[in-house]
Amino acid sequence: MSKSVPAFLQDESDDRETDTASESSYQLSRHKKSPSSLTNLSSSSGMTSLSSVSGSVMSVYSGDFGNLEVKGNIQFAIDYVDSLKELHVFVAQCKDLAAADIKKQRSDPYVKTYLLPDKGKMGKKKTLVVKKTLNPVYNEILRYKIEKQILKTQKLNVSVWHRDTFKRNSFLGEVELDLETWDWDNKQNKQLKWYPLKRKTAPVPLEAENRGEMKLALQYVPEPTPGKKLPTTGEVHIWVKECLDLPQLRGSHLNSFVKCIILPDTSRKSRQKTRAVGKTTNPVFNHTMVYDGFRPEDLTEACVELTVWDHHKLTNQFLGGLRIGFGTGKSYGTEVDWMDSTSEEVALWEKMVNSPNTWIEATLPLRMLLIAKISK
């Protein structure tokens, strides 16, 4: 870094996914649900709120872009510290920003950085908010622990936002640097520079990203209860066999596991996990999860959500997922975002429902999901 950059570092602990794989997940686990538990979930169950990881995709490309003029400049510098294997982004200051408060001619700006195409929380860093100014001074270093060869495949997105009293964000401008063509040996590139803020660039379609595949099998096991007036319930068995060609968002230290919930139940009791398998992009899990309490009508309203994560220290990075159901857009009469199964996912679910007591196997492409928060 330039000598003009102060030698201090800032810890980033914002909005981290902190679930870790449980050792008990090595064993076949069962989650008991009453026959009516799926229908008891209200529309305010948390499905409208997005998780800290994949949900942050929305924070890259959503927000208020149209109401405020994009103007002004931002001063920052970047450097790769080989001894720490870290990218340092020194955010110095901004000047002549647009005024979110027109009457008082001021904003409450902060700076956010992403390493693209990783749009998860591990790729996002941000400064503190500086209130009531169009010329904020930050002098903060945002750090990324990343291998240099991986960094050379990334783009650095630096954006400025206004944060209002209600924590709503308004876009004030951005700068994007292509790190593949960046000359890291040029000392001039380590100096603080002023960059003009630009309007939002069009996002790259998320589905274009290759997130690997999952090989799995499903089975529906009806449990008839002759002579009883209670509704007949059965079990859904989910056999997660392996994943293929998982993306390496953090370099070569992949340590993946699979998490499962049955929507619309977002409670922690609904969640089951495999063990974590390290040092491979083709992990074999061979793990079966069993959910009981399924009435025949629940098969139409529920959805199996399987997500793959890279576990690293105290944080989990979302890699990709599946939603296996009928994909009708509704659950128990309520429109929901998560009932969005692809044609391949729908086909697997239909075969399972129509072939009870039979394992139905498929290899499905993993995709980006907007994930509901796990409720307590």
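How many bridges join strand β10 to strand β11, and do they run parallel or antiparallel? The points below take this up along with the rest of the fold.

1. **Status and make-up.** This is a predicted model. The protein chain has 4 helices and 20 strands. It runs to 376 residues, and buried residues make up 51% of them.

2. **The β10–β11 pair.** The opening question has a direct reply: 11 bridges join β10 (residues 213–223) to β11 (residues 233–244), and the two strands run antiparallel. To find the register, start from V221, whose bridge partner in β11 is E235.

3. **A further partner for β10.** β10 also pairs with β20 (residues 360–365), again in the antiparallel sense, over 6 bridges. Here K215 is a useful marker: its bridge partner in β20 is T363.

4. **An open sheet.** Four strands form an open sheet with antiparallel pairing, in the order β6-β3-β2-β9. β6 (137–145) and β9 (193–196) stand at the edges. Each has a single partner strand, so one side of each is left without a neighbour in the sheet. On average, neighbouring strands of this sheet are turned by 30° against each other, direction ignored.

5. **Inside that sheet.** The pairing of β6 with β3 (residues 86–95) is antiparallel and covers 7 bridges. V89 sets the register here, with L142 as its bridge partner in β6.

6. **Cysteines.** The structure holds 0 disulfides. Why does C260 not form one with C303? The sulfur of C303 is the closest cysteine sulfur to that of C260, yet the two are 9.5 Å apart, too far for a bond. The cut-off for a disulfide is 2.5 Å between the sulfur atoms. C260 is also buried, at 0% relative accessibility. C243 has a relative accessible area of 0% and is buried.

7. **Contacts along the chain.** Take the contacts in the protein chain with a separation of 6 or more. Residues 24 or more positions apart account for 73% of these.

8. **Surface.** The protein chain exposes about 17900 Å². Carbon and sulfur atoms supply 50% of that area.

9. **Where to look.** For a check by eye, begin with V221 in β10 and E235 in β11. Go on to K215 and its partner T363 in β20. Then turn to the open sheet and follow the order β6-β3-β2-β9, using V89 and L142 to place β6. Finish at C260 and C303, with their sulfur atoms 9.5 Å apart.

Notes
Residues numbered from 1 in each chain as written. Predicted model: local features only at pLDDT ≥ 70, side-chain atom pairs only at ≥ 80, totals over all residues. Heavy atoms only, no water. Buried < 20%, exposed > 50% of the residue type's maximum accessible area, 1.4 Å probe, protein only. Contact = heavy atoms within 4.5 Å. Areas by Shrake-Rupley, 256 points an atom, 1.4 Å probe, with all protein chains shown as cover. Pairing = 2+ DSSP bridges. Axes fitted to C-alpha atoms, helices over the stretch in contact; angles between N-to-C directions.
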